[in-house]
Amino acid sequence: MKKNSLKVMAMSVGLGLALAACGSASAPSTSTDDPATATGSLRVMIPTYPLSNEGKAEFQKVVDDFNKTYPKMTIEPDFVTYDTMNEKISTSIASGSGYDVLVTGIGWIQPFAAKKVFKDLADVGISKADISTKTADAMVPAVTHDEKVYGYPLIADARAVAFRKSAFIEAGLDPEKPPASMAELKEAAEKLTKRDASGAITRPGFDFWAASGAYRQTFTTFLASTGTPLFVDGKPNFNNADGVETLEWMKGMINNVQTFGQMNSAKKPLVYTNEAPIGMVGGAVDCSDQGIGQANCDDLSFFLLDNGTKAEFVGGDIASIGAKTKNAKAAWTFIESLIKPEANNAQAKLNSKIPATKDTAKTGQAQSNPLSKFVAANLSHAAYEGGASNWLEVRKSFNSGLDEALLGKRPAEEVLSSLAALSK
Amino acid sequence: MTPASAAESPIVAPAGPQKPTAANRRGGRPKRRSVTRKQVWAGWLLLTPALLHSTLFISVPTLAAVFLSMTDYSFSGEWAWVGFDNFIELMSDQNFKTAFVNTVLYAIVVVPISMGLALVIALGLNQKLRGMAFFRTAFYIPTVTATVAVATVWLWIYNPGAGLANGALSFFGFGPQPFLNSPDTALPSLMLVGIWQGLGAKMIIYLAALQGVSRELVEAAELDGANRWQTFKHVKWPALAPAQFFVLITSIVGTFQVYDLVYVMTRGGPGISTNVLVLDIYNNAFQGMRLGYASAETVIMILLISVFIIVGRKLQGSDKSE
């Protein structure tokens with residue numbers, strides 16, 4: 001009986017392994033050198049197009065444009081979000097069915113280039129000079145690693161600080177002279193904070209527009225406004241006096257002018273809806289009746305933080321080619337379709353961002369609303385996060401570490417030192 | 001042995017000497033034994049899907065996790081054998097240490113409280129009262145509701161500015177609480193949701209077990225003059241032992257695997273105050289792209305769950321001996 005049992009078990013395991021082997025086989029992607037006759041499919045991972053009808057329609061336009069060159073090739077899109085992006089990339093690598101085109105964000109390029117997930121764009125004839133000529137200068141360092149280019153910037157997620165002119169007038173502040181330095185901002189925010197009889201904040205004086213675990217980008221912006229970028233040549237540059245001073249200043253604002261992690265249910269900047277008089281905002285505002293309305297828009301004005309250096313936080317979407325693609329030329333052709341002005345402008349509009357082109361200030365999206373116009377005009381002051389080859393690992397520690405410092409659980413200096421020690 | 005029980009247990013060949021059958025007398029192999037062998041084969045055949053499943057989705061991944069835990073694999077295609085380095089690094093990793101403590105705390109608080117509450121509710125619902133079906137459904141709804149939906153609703157309830165919880169507290173004269181926005185209150189707030197969400201599943205198992213308690217035994221106890229507490233203690237409680245064991249084990253495993261609730265509600269924050277093991281494993285594997293390191297964490301979690309289950313079994317064993 002024992003012998004029989006072993007036989008059955010051996011058969012079961014054998015069958016199981018056979019099934020597993022079948023399951024791991026990936027679909028072949030074939031091609032030829034001639035675009036007109038090339039066949040197969042191109043796997044594209046992209047967070048830029050939302051899964052709405054509008055998003056799908058805009059993406060289809062890009063596919064149609066690509067098919068003019070590669071009529072027999074199909075596109076297999078994977079519409080991801082930034083939250084699920086790393087899972088998608090890692091599992092695709094592990095399963096051996098990597099993407100041909102990957103659209104990621106600023107901060108992703110260096111780690112994935114170091115892991116050899118992205119292809120050097122020199123392989124498809126794109127140099128650093130090409131990128132510098134055609135895209136915003138601010139985006140160039142974000143797509144390079146070891147002097148090689150691994151991505152092509154699509155759209156920029158530029159952010160500014162907005163304030164309500166009416167709130168300034170009401171509080172006796174001059175709307176023509178908005179605060180710029182951290183000291184001025186704190187003074188104005190404290191003056192504009194409203195409290196109830198018990199002292200609880202009923203209207204924050206400044207909106208960080210950050211939930212718990214999401215103060216990293218604000219810290220990057222404030223730090224950059226002191227003339228101190230987060231990383232220099234891939235090395236941590238925040239564990240210094242400027243870093244500590246910036247974090248201590250933020251700590252002084254938390255639960256003083258805004259409760260920690262406060263956001264509205266729509267997770268939109270509070271300043272748009274007059275829930276806060278000053279606050280961080282994204283790269284575009286919809287002034288139509290479907291958005292915040294013209295009256296709200298007219299009450300808004302924008303400025304950049306300036307503690308010696310103007311700083312505008314910039315994230316963005318960057319297109320790269322998978323290192324293991326067998327269709328590098330087709331992949332690059334698809335990226336060329338993505339960066340055509342019409343497609344680029346549509347991407348920016350869909351994501352409340354601006355095109356990452358050299359002439360972004362002249363694009364339709366930048367001209368369509370006052371906030372995009374402002375951030376496009378100031379793109380030269382870009383500050384961005386990332387730079388370390390293990391940034392994706394450090395990033396999560398950054399989120400929790402900053403929270404601990406802001407809530408007084410750990411000293412700012414200790415947090416920044418430990419984060420610097422983690423950064424490679 | 002009653003005729004019914006004899007009919008229910010034909011798979012195992014009866015021990016001891018067999019009566020001679022017609023087949024025996026003809027010199028062939030005993031027919032009964034032949035039938036039993038076929039039944040054994042049938043048993044294995046029926047077990048095959050489960051065995052396949054266990055092999056493919058439990059044994060192979062477990063062995064793979066153990067193997068990966070000794071490597072520095074990070075999805076890049078290149079990896080090296082690092083022995084126990086990942087485990088050594090984990091011992092000084094503050095995120096892991098906090099996740100470990102939080103997970104154990106979560107299990108220690110949520111498992112007994114939710115089991116106790118579920119039993120009380122099951123006892124209450126095991127009555128013949130009007131509208132009982134409604135209450136049974138109401139208590140079970142959180143269990144069948146997607147955790148993401150539950151977490152989203154509780155996020156609104158816990159919103160420090162406009163949430164229902166602070167509204168209710170202010171009605172009774174209490175000041176606003178930060179709930180998920182403070183490292184001091186975030187984990188207890190999550191525990192409360194965990195207890196609430198897990199009640200239904202436990203309650204339904206207890207309810208089924210209570211309805212299986214022999215009516216004759218209960219009546220006998222009542223005839224002997226036992227009050228409700230004594231009837232519960234000496235008749236119902238012992239009868240609930242198998243259900244208790246099942247609920248205990250599934251609760252321990254469930255609480256150690258808490259992830260979706262934390263992911264949606266706090267992402268481990270503020271700081272790392274609500275970091276739990278599965279979230280930390282996820283973060284290391286898919287955010288930090290360190291699969292080898294995350295596998296080492298997984299191995300430790302498997303060992304931890306095993307320890308808790310062994311302790312649970314021991315406790316269950318001592319209950320039985322009583």
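Let's start with burial in chain B: of its 322 residues, 40% are buried. Keep in mind as we go that this is a predicted model. For chain A the corresponding figure is 54% of 424 residues.

Staying with chain B for a moment, what is it built from? Fifteen would be the number to remember for helices, and for strands the count is 0. Its exposed surface comes to about 18300 Å², and carbon and sulfur atoms supply 68% of that. If we take contacts in chain B between residues at least 6 apart in sequence, 65% of them join residues at least 24 apart.

Now chain A. Here we have 16 helices and 16 strands. Its radius of gyration is 24 Å, and the globule rule gives 22 Å for 424 residues, which is close, so chain A is as compact as a globular protein of that length. If you rotate the C-alpha trace of chain A onto its principal axes, it spans about 80 × 60 × 40 Å. The accessible surface of chain A is about 17700 Å², with 52% belonging to carbon and sulfur atoms. For contacts between residues at least 6 apart in sequence, 74% in chain A link residues at least 24 apart. And a word on charge: chain A carries 44 positive and 47 negative charges, and the mean positions of the two sets are 7 Å apart.

Let me zoom in on one helix. Please find helix 9 of chain A, residues 241-253. From first C-alpha to last, this 13-residue helix reaches 18 Å, close to the 18 Å expected at 1.5 Å a residue. Which residues of helix 9 are buried? They are A:Gly243, A:Val244, A:Thr246, A:Leu247, A:Trp249, A:Met250 and A:Met253. And what do those buried residues pack against? Four other helices of chain A: helix 7 (182-192), helix 8 (216-224), helix 15 (391-406) and helix 16 (412-422).

Just past the end of helix 9, have a look at A:Asn255, which takes a positive phi of about 65°. Further on, in the loop between helix 9 and strand 11 (278-281), sits A:Asn274. Its phi is also positive, near 60°, and this is a residue other than glycine. Is A:Asn274 buried or partly exposed? With a relative accessibility of 36%, A:Asn274 counts as partly exposed.

Next, let's see where the two chains touch. We just met helix 15 of chain A as a packing partner of helix 9, and A:Glu393 is in that helix 15. A:Glu393 has a relative accessible area of 16% and is buried; the cut-off for that is under 20%. Which residues does A:Glu393 contact, leaving aside neighbours within four places in sequence? They are B:Gln287, B:Gly288 and B:Arg290, on chain B.

We can look at the contact from the other side too. B:Gly271 is in the chain B loop between helix 13 (260-265) and helix 14 (277-287). Sequence neighbours within four places aside, B:Gly271 is in contact with A:Ser400, A:Asp403 and A:Glu404. B:Gly271 counts as buried, at 8% relative accessibility. Within its own chain, B:Gly271 lies 176 residues along from B:Asn95, yet their C-alpha atoms are separated by 9.7 Å.

That loop has a couple of other things worth clicking on. B:Pro270 is in it as well, and the peptide bond from B:Gly269 to B:Pro270 is cis, with omega near -5°. B:Arg267 is found in the loop too. The phi of B:Arg267 is near 55°, a positive value in a residue other than glycine, and at 43% relative accessibility B:Arg267 counts as partly exposed.

My last stop is B:Ile300, in helix 15 of chain B, residues 291-321. At 14% relative accessibility, B:Ile300 is buried. What does B:Ile300 touch, apart from neighbours within four places in sequence? Its contacts are B:Phe87, B:Leu90, B:Met91, B:Phe96 and B:Phe100. For a sense of scale, B:Ile300 and B:Gly312 are 12 residues apart in sequence, and from C-alpha to C-alpha they are 18 Å apart.

That's the tour. Thanks for listening, and do have the viewer open while we chat.

Notes:
Residues numbered from 1 in each chain as written. Chains lettered and ligands numbered in written order. Predicted model: local features only at pLDDT ≥ 70, side-chain atom pairs only at ≥ 80, totals over all residues. Heavy atoms only, no water. Helix = DSSP H or I, 4+ residues; strand = E, 2+ residues; numbered from the N terminus. Rg over C-alpha atoms; globule rule 2.2 N^0.38 Å. Buried < 20%, exposed > 50% of the residue type's maximum accessible area, 1.4 Å probe, protein only. Contact = heavy atoms within 4.5 Å. Areas by Shrake-Rupley, 256 points an atom, 1.4 Å probe, with all protein chains shown as cover. Lys, Arg positive; Asp, Glu negative; His and termini not counted. Charge placed at Lys NZ, Arg CZ, Asp CG, Glu CD. Expected span 1.5 Å × (residues − 1).
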